[in-house]
Amino acid sequence: MGPKIGVFLFSGGTNMKRMLSGIKPTGQLHLGNYIGALRNFVKYQDDYDLYVFIANLHCVTFYQEPKALRKNLKDAIALYLACGLDPEKCTIFLQSDVFAHAQLGFLLTCQSYMGELSRMTQFKEKSQKADESITAGLFTYPSLMAADILLYDADYVPVGDDQKQHVELARDLAQRFNNRYSKTFVVPEPLIQKVGARIMSLSDPSKKMSKSDESDKGCIYLLDDLKVVRKKIMSAVTDNYATVNFDKENQPGISNLLEIMSSLSGEPVDSIVCRYQGKGYGELKKEVADVVCKEIETIQSRYNEIVNSDLIEKTLQQGAEKASRISYKKLKKVQRKMGIDIF
Ligand code: TYM
């Protein structure tokens, strides 16, 4: 990472605020991940001291077939780069390459209460849906996520709406630790955009677009064939109102299509709604499909150049070195304050 390294040892050593986020590729990355998170990381990399990682420890809270997991992790890094994250501007790493995550994760698990962890919406949803045993790792997942954030003194955590509660727990844990042991952690703020923070499933717009969707029809993967992408959008579930309005409650399917288009094209939702007065849903879907396919086509062509190049390994090595240096200092500080370290 060249000349930047020295200045970034502590947030505040530079005018740039620090930002951190991660994605957990238990499947292929999808349009929700892209609009809610990834494309924002790309925008932020010029103005923030940005850390983005692949949360591979978080992936194994449920059994993952090892070969499939390895492919998803590699694809995720290739997609980070293909979407425009630049390893010269931000620090990109694999969570398990930086040992301090698991270690601070355990220490923060010991600061977390059973009650607050059992109130986490994602834990409740996932443990209800699970058809296999629920692991203790799924339960303590938010404490590990807090460690991911607090290790780097991140000021901001850009995430989609569904991760807000986890970032709030990270804030609570930071404050609890600071009160108990004196100021140690920066208290991070979630950064959630107004449009596109929760992209919904195309086949059931009452649910979030998600890799754990029962049917594949509702989820657009960044590596889907473009014909498949178009078909999924053209068959998106809408309603019987036959008029294009942004009304999440009564017209969730159409509102979702409007949010997708607005996020990708930059045109405000109101302006799209105006253009579509008196026009049918078919026309709207066609334009949404054009916009989405154009974006995904660019990403896929860059992905094809990157996925078998040595850029992935180089990026991860450079990222792990920098992230390890910074996180180790923080971990030592925490351990000293807790009385774990003798010297
Ligand atoms: P994950 O992998 O579920 O999602 C990654 C990012 O994508 C956002 N997202 C969405 N945004 C809009 N619409 C959707 N349908 C949608 N689906 C997902 C998520 O909000 C998230 O920002 N626990 C995290 C990973 C993580 C993390 C961290 C994030 C681990 N440690 C530290 C930030 C900071 C997760 O499972 O995200």
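This note goes through the ligand site, the paired strands and one helix residue of a predicted model.

1. The ligand is surrounded by 29 residues, and those that come nearest are Lys24, Tyr141, Asp148, Asp162 and Ile199. Sorted by class, this shell consists of 13 nonpolar, 10 polar and six charged residues. Strand S1 (18–23), helix H1 (31–44) and helix H7 (136–150) each contribute at least two residues to the shell.

2. Polar contacts to the ligand involve both backbone and side-chain atoms of the protein. A polar backbone atom of Lys24 lies 2.8 Å from an oxygen atom of the ligand, and a polar backbone atom of Gly160 likewise lies 2.8 Å from a ligand oxygen. In the case of Asp162, an N or O atom of the side chain is 2.4 Å from an oxygen atom of the ligand. On its own the ligand has 710 Å² of accessible area, and the protein covers 98% of that area.

3. Strand S1, which supplies residues to the ligand shell, is joined to S2 by six bridges, and the two strands run parallel. Within this pairing, Arg18 stands opposite Asp49 of S2.

4. Strand S2 (residues 49–54) is in turn joined to S3 by four bridges, again in a parallel arrangement, and here Ile54 stands opposite Leu94 of S3. Because six of the six residues of S2 are buried, this strand is largely enclosed by the rest of the structure.

5. How are the side chains of S2 and S3 distributed over the two faces? In a regular strand, side chains alternate between the two faces of the sheet. From S2, Asp49, Tyr51 and Phe53 point one way while Leu50, Val52 and Ile54 point the other, and all of them are buried. Strand S3 (residues 91–94) is also covered on both faces, with Thr91 and Phe93 buried on one side and Ile92 and Leu94 buried on the other.

6. Thr109 belongs to helix H4 (residues 100–109). Is Thr109 buried, partly exposed or exposed? Its relative accessibility is 24%, and it therefore counts as partly exposed, given that buried means under 20% and exposed over 50%. When neighbours within four places in sequence are left aside, Thr109 is in contact with Thr140 and Ser143. The C-alpha atoms of Thr109 and Pro142 are 8.6 Å apart in space, although these two residues are 33 residues apart in sequence.

Terms used
Residues numbered from 1 in each chain as written. Predicted model: local features only at pLDDT ≥ 70, side-chain atom pairs only at ≥ 80, totals over all residues. Heavy atoms only, no water. Near = heavy atom within 4 Å. Polar contact = N/O pair within 3.5 Å; in protein donor to acceptor, adjacent residues only side chain to side chain. Areas by Shrake-Rupley, 256 points an atom, 1.4 Å probe, with all protein chains shown as cover. Nonpolar A, V, L, I, M, F, W, Y, C, P; charged D, E, K, R; others polar. Buried < 20%, exposed > 50% of the residue type's maximum accessible area, 1.4 Å probe, protein only. Contact = heavy atoms within 4.5 Å. Pairing = 2+ DSSP bridges.
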